[in-house]
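Trainee: I should like to request a close look at a single part of this structure, the nonpolar core and the elements that pack around it. Please take me through it in one connected account.

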Amino acid sequence: MGPIYSISDAIDMLRRRARLILGVILLGSVLSLIMAMRHQHEYESYEVIQIARPVVSDELARSTVEGSSARRLQLIQQILTTRGTMLEIIEKYGLYDDLPGLKPQAKVNMLRSAVRIEGIAAAREGYSDDGAISVLSITARMPTPELAQQVAHEFGHRTVELSKQTRIENARATLNFFDAQKAALEQDIEALDAEIEAYRATHQLSLPGAVEARRDEISTINDGLLDIARERIQIERSMELAAQSERPATAERLRKDLSEQLATLDAQRDLLEGRKNALERLIESSPEVERALGAYDRSLDQLRDQLAQVVSRRNEAEMGFLIEAERQAERLTVIEEASLPDYPVTESRKKIALLGLAGSIGVALGLAYVLEWRNPVIRSADQMERELGFRPVVVVPYLDASAPRRSLWQRLTRRFRGPRAPAE
């Protein structure tokens, strides 16, 4: 059985539930005002950074910093949102000082959610996407316009400086790497040169053409040995002739003299043969020495080729470092600085209060209707005729002697509604 079927039923419900409705509306209005007064306005300020193309063309001088701009900006964003950086910015601008009980990590999380960094991809070339970013937007939402501007500008400034610093550090690291490679190769070449010189000195090959000189010396020694053999033959022949033609005393004296000459020739022959044998042993080992020297020369050539390549790349790295230091490569420039916002981005307090008032009215009417629906009572002859199908002959009003006298408004509304049937 529904309680409301006509305007008179609705008016009767409002009259009977007026206290409840007014109480709910009053309570809801007070709560709405409290919420509106406690509502904190927030302002947004944003700074726009453009990723400018290199001033010096890559065909003329190429930077050593490789990779897409999107990846580099992602790394910068990760550095900016670290706990240490966030705490520095919070302490610098006194953020969330009105919340002394807030933990540092909670402050960091609040600042991370209040700052938004977005990149706009560059236009594609054909069907390829190189991951380039053309514009970077940094938005900060804060309780005051000044804080929003300062925080957005701070993040924009740190982004530009981090980009410049990371590019220079990468270029410097590349240059330092090739400097270290160049120094290491130069040390290896010096060490190999010293080893080659020591090997040559050990094998008496300090001068070029040593093998040919040894062969010439052996030939000379052979000539000397041949002369000694001839002289020896002559002396021995003279001894034989003296023994045959001279007197014994004279022959003995000549034999002694010739024997001394033979001893001298024998000593010279032994010396020359020893030198000859030593030279022959050196010549016999010369193929192995030549192979070792060839291996040394090949190793030395390889090191020199590597040094030439490293020097060339080191020169390119030095040019890339100069380009980065002079900011002639890809760079970040601020094309729109953060400004003071004129209006808050959150809803106004007046709107919140009006919405709360409207919601309170709706809740009050709904609550009154629910109470009427849970207590379906026939209160008039019209309701009896509608619900039961017949009209009562007599309507006896409810009289309460202890009840206070009705007001003029109650009497008028009662006459408008007609007599009320007694409750059943």
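Mentor: The following account begins with the chain as a whole and then turns to the core and its surroundings.

The model is a predicted one. Its protein chain has 12 helices and 4 strands. Of the 424 residues in the chain, 30% count as buried. Among contacts between residues at least 6 apart in sequence, 78% join residues at least 24 apart.

The part you ask about is the largest nonpolar core, which has 30 residues. Those with the most contacts inside this core are Leu73, Leu95, Leu111, Val115, Met142, Val151 and Phe155. At least two core residues come from each of strand E1 (43–52), helix H3 (69–80), helix H4 (83–93), helix H5 (104–114), strand E2 (115–121), strand E3 (133–142) and helix H6 (145–202). Helix H6 gives the largest share, 7 residues. Leucine 73 may serve as an example: beyond its neighbours within four places in sequence, this residue is in contact with Ile51, Ile133, Leu136 and Leu332. Apart from this core lies another, of 17 residues, including Phe178, Ile189, Leu303 and Ala317.

Next, consider how the helices that supply the core are arranged. H4 and H6 have their axes 11 Å apart and pack at an angle of about 140°. These two helices are therefore oblique to each other. The crossing in which H4 passes H6 is right-handed. On the H4 side, the contact is made by Thr85, Met86, Glu88, Ile89, Lys92 and Tyr93. On the H6 side, Leu147, Gln150, Glu154, Phe155 and Arg158 take part. Phe155 was also named above among the core residues with the most contacts.

H4 packs against H5 as well, at an angle of about 90° and with the axes 10 Å apart. H4 and H5 are therefore roughly perpendicular to each other. Here Arg83, Met86, Leu87, Ile89 and Ile90 of H4 meet Pro104, Gln105, Lys107, Val108, Leu111 and Arg112 of H5. Met86 and Ile89 of H4 thus appear in this contact and in the contact with H6.

Two loops deserve attention. Tyrosine 96 is placed in the loop between H4 and H5. Most residues other than glycine have a negative phi. Tyrosine 96, although not a glycine, has a positive phi of about 60°. With a relative accessibility of 12%, tyrosine 96 counts as buried, because the cut-off is under 20%. Threonine 144 lies in the loop between E3 and H6. At 30% relative accessibility, threonine 144 counts as partly exposed. Its C-alpha atom is separated by 8.9 Å from that of glutamate 44, although the two residues are 100 residues apart along the chain.

Finally, we return to the other core through its residue Phe178. A search of the whole structure finds 1 aromatic pair. In this pair, the ring centres of phenylalanine 177 and phenylalanine 178 are 5.3 Å apart and the planes stand at 70°, so the pair is edge-to-face. Phenylalanine 178 is buried, with a relative accessible area of 15%, whereas phenylalanine 177 counts as partly exposed at 46% relative accessibility.

Methods
Residues are numbered from 1 along each chain as its sequence is written. This is a predicted model: local features need pLDDT of at least 70, side-chain atom pairs count only at pLDDT 80 or more; totals for chains, interfaces and linings use all residues. Side-chain values use heavy atoms; hydrogens and water are left out. A nonpolar core is a set of buried Ala, Val, Leu, Ile, Met, Phe, Trp, Tyr and Cys residues joined through side-chain atoms within 4.5 Å. Buried means under 20% relative accessible area, exposed over 50%, partly exposed in between (1.4 Å probe, protein chains only). Contact means heavy atoms within 4.5 Å. Rings of Phe, Tyr and Trp (its six-membered ring) pair if their centres lie within 6.5 Å; planes under 30 degrees apart count as stacked, over 60 as edge-to-face and the rest as tilted. Axes are lines fitted to C-alpha atoms, for helices over the stretch in contact, and angles run from 0 to 180 degrees between N-to-C directions. Angles under 35 degrees count as roughly parallel, over 145 as roughly antiparallel, 65 to 115 as roughly perpendicular and the rest as oblique. A crossing is left-handed if the near helix is turned anticlockwise from the far one by less than a right angle, and right-handed if clockwise.
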